[in-house]
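Q: I'm new to this one. Could you walk me through how to read a few of its features?

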Amino acid sequence: MKLGAVTTLAFGLAAQLLNNAAYSTNGKIETTGEGVQVNTSNSLRAGPRGYNLLEDTSGRKKLIHFDRERVPERVVHALGSGAYGQFESYGDWSNITSACWLQQGARSEAFTRFSVVVASAGGSEVNRDTHGFATKIYSECGNQDLVGNHVPSFFINDGIDFPDLIHSVKQEANKGFPTDGTAHPTAYDFFNLHPEGSFQLMTVLSDLGIPRDERHIRGNGVHTYRFINAAGKSTFFKWYWMPTLGLRSLVYDEATTLAGKQANWQRIDLFDSIEAGNYPEWELAIQMFPDDDTFMYKGYDLLIPTQVIPFDVAPLVKLGKLTLNRNFRNFFAEPEAISFAPSNVVDGVSWVPDPVLQWRLMSYDDTASHRHGSPNSYLLPINRAIAPVNNNYRDGYMQPLIFQGDQTSTPNNLGGVSSASANETLPYTSPGETAGQGPIGRYAPSYDSFYQTRMFWYGLGQYAQQHTVDAYRFELANVGDATVVQRYIDETLNNIDNCLARRVAYGIGATMPPVGTGAVSNNATYPNSYASSFYTLDTNVTKSNVGLQVAVIANDTLLTGGDVAAMISLLSAQKVSLTVVAPKIGTLASGVNATASFLISSSVFYDAIFIGSSGNASSTNSASLTADMASFVEQAYSHGKPIGALGSSGPAFLAGLGISNQPGVFIEEVGEVLAVGHVQILLRFA
Ligand code: HDE
């Protein structure tokens, strides 16, 4: 009860602190950085057609500042955006952790940044890639960062390989391309030499790799972490953000079209959803494993981030909920300037000797100092803790604080900062653990790298499998180096599954490995349940339509104001938006207002399409269709989107296109169209 009150107070304080740095120049007179009023709209010149003068100091200050406006982009995950929200604990988790943000009644301010790994800032957010899901929880006992990805495993088992991985997937050093995506020889050579990453790669090449948006992705901590309770007891855990909207993906052709039409789709979707009051939510769920010093659980190695532990082996326990409900006000100062680090944990959360995690504990703080040119970046408004910050980190570039007093060392009998009592449970401890685990050496874990990849593959439904085969084909066909491609097929794909390897090879004109070769000759020995019990798109999708977008296509005769009003009332009850798309933007002869045109818009912006109404059937026969109107509907159909035809004219329209009576096409059944939703897309088209 008492903690709840304190938490609420701190929560209000957190929001206030995060707001205090906001400053508006609106309506104010321009000054230099020194506060002197100036007008820098026209240069100081020697006559109306003469040279610029060196004395134009305010003009020089303006350009010099401009020249330095950019900070280096993140070396990975450069492209991204985010939003503020709150994390709320579902209850009292003091039995497993002393982390204050997981106690009874705890509510904390939070900021989440979503990103994609490979693309540089300014690239397309829609392309196939691993998405980052990083959250900072501004708790009253300090900042807690949860820095994860949208798929649950990783490419490598040792952080020392990370620069090699990233060099291989980013643009090629000599050519400077491709700047986006992994479809090139260096990436596939790396993937072939690192079979431990085959599972992560396959998840990215499955439908999971092209999520519809960031609201419909899962966050995965990937590593095992450690909780410690007040009594010093340690429990291992893996964490997940489970979206309450479920998972949704695009189809590949839709994603590539969307990447060209609206490269900022992900950030726009998040921003607009929050503005519309459709706040996305994720539940924080964990799997727990006893700390018995072996770092193993039922045969699974807890120190290997390329492996996952199925949910039926270790079930999920839900600890709390994250709601994103406030947009940032300044892109640079908030999503760009924020720095996350797996090393930012509070008392009650700690790590394990996973060699990827261990390197991450150093790399993020280092890159934050580099990006902001100063170790003081932790004092930027978006990074600042709301918990009191007292230490002897002094001076340095861009130190914004004027510390008082002469004491800068600890311990200290003259005043200054004192250390927490030695008897207290301090953060960063791994109780009772012996640091040395054997002779010093350079080690690589030894296990079957392909087992989980194979299980995931077998667990995919037939459409999801075909999508994945197509993605391998797309990537490998674009690699352009036949030797690299053949090696990848023979040594990696064929050791996952002979049939997979043959299917991929067949589609790209490579040599198919002979039937029955590869590591596994008898598929039947593998149960078909592993992946579906962990996750697949086919089975683990909730059908909430909140925040989806529907287009109704119109022309001067095709739609009435009454129809639109009826549709809006039906859709808005489900928090689905409706856009009227017509040959031109503006008011149509019917009086309906079209806010998008076929030229500006695209079917890839929408999750379902309505056509027609009770208008004149003859006005919508195939002869009267404009080409752009027809291709809008045909494209939506080819992407497997639900299409609803209303009244007498809609069905005539679809008959003209030859797609009436097809799966996913619904006549006069508006409710059904919306209930089926986007999920159909994944199931119908191979
Ligand atoms: Fe990161 N990673 N990473 N990473 N990572 C960065 O930190 C790094 C890894 C992840 O929105 C960088 O501030 C190393 C796994 C996300 O700001 C950098 C290794 C996972 C983000 C860095 C890994 C991630 C980053 C670049 C292997 C999933 C974006 C800028 C040892 C669990 C955070 C920055 C944001 C960003 C290093 C592996 C997720 C360079 C060395 C595994 C979501 O420090």
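A: Sure, let's go through backbone oddities and then a helix pair, bearing in mind that this is a predicted model.

Q: Which peptide bonds here are cis, such as the one that joins Phe177 to its partner?

A: Start with the general idea: most peptide bonds are trans, and most residues other than glycine have a negative phi. Here, Phe177 and Pro178 are joined by a cis bond with omega at about 0 degrees. Look for Pro178 in the loop between helix H3 (162–169) and helix H4 (185–193). Another cis bond links Thr410 to Pro411, again with omega of about 0 degrees. Pro411 sits in the loop between helix H9 (355–372) and helix H10 (451–459).

Q: And what about phi: what sign does it have at Asp395?

A: Positive, at about 55 degrees, although Asp395 is not a glycine. Met398 also isn't a glycine, and its phi is positive at about 55 degrees. You'll find Asp395 in the loop between H9 and H10, and Met398 is in that loop between H9 and H10 too.

Q: Is Asp395 buried or exposed?

A: Count the neighbours: 12 or fewer other C-beta atoms within 10 Å means exposed. Asp395 has 10, so it's exposed. Met398 has 12 and therefore counts as exposed as well.

Q: How do H12 and H13 cross?

A: Compare their axes: those of H12 (residues 482–496) and H13 (residues 498–508) come within 5 Å and cross at roughly 130 degrees. That makes H12 oblique to H13. In the contact, Ile489, Leu493, Asn494 and Ile496 of H12 meet Asn498, Leu500, Ala501, Val504 and Ala505 of H13. By class, that's 7 nonpolar, 2 polar and no charged residues.

Note on methods. Residues numbered from 1 in each chain as written. Predicted model: local features only at pLDDT ≥ 70, side-chain atom pairs only at ≥ 80, totals over all residues. Axes fitted to C-alpha atoms, helices over the stretch in contact; angles between N-to-C directions. Helix = DSSP H or I, 4+ residues; strand = E, 2+ residues; numbered from the N terminus. Parallel < 35°, antiparallel > 145°, perpendicular 65-115°, else oblique. Contact = placed C-beta atoms within 7 Å. Nonpolar A, V, L, I, M, F, W, Y, C, P; charged D, E, K, R; others polar. Buried ≥ 20, exposed ≤ 12 C-beta atoms within 10 Å, placed from the backbone.
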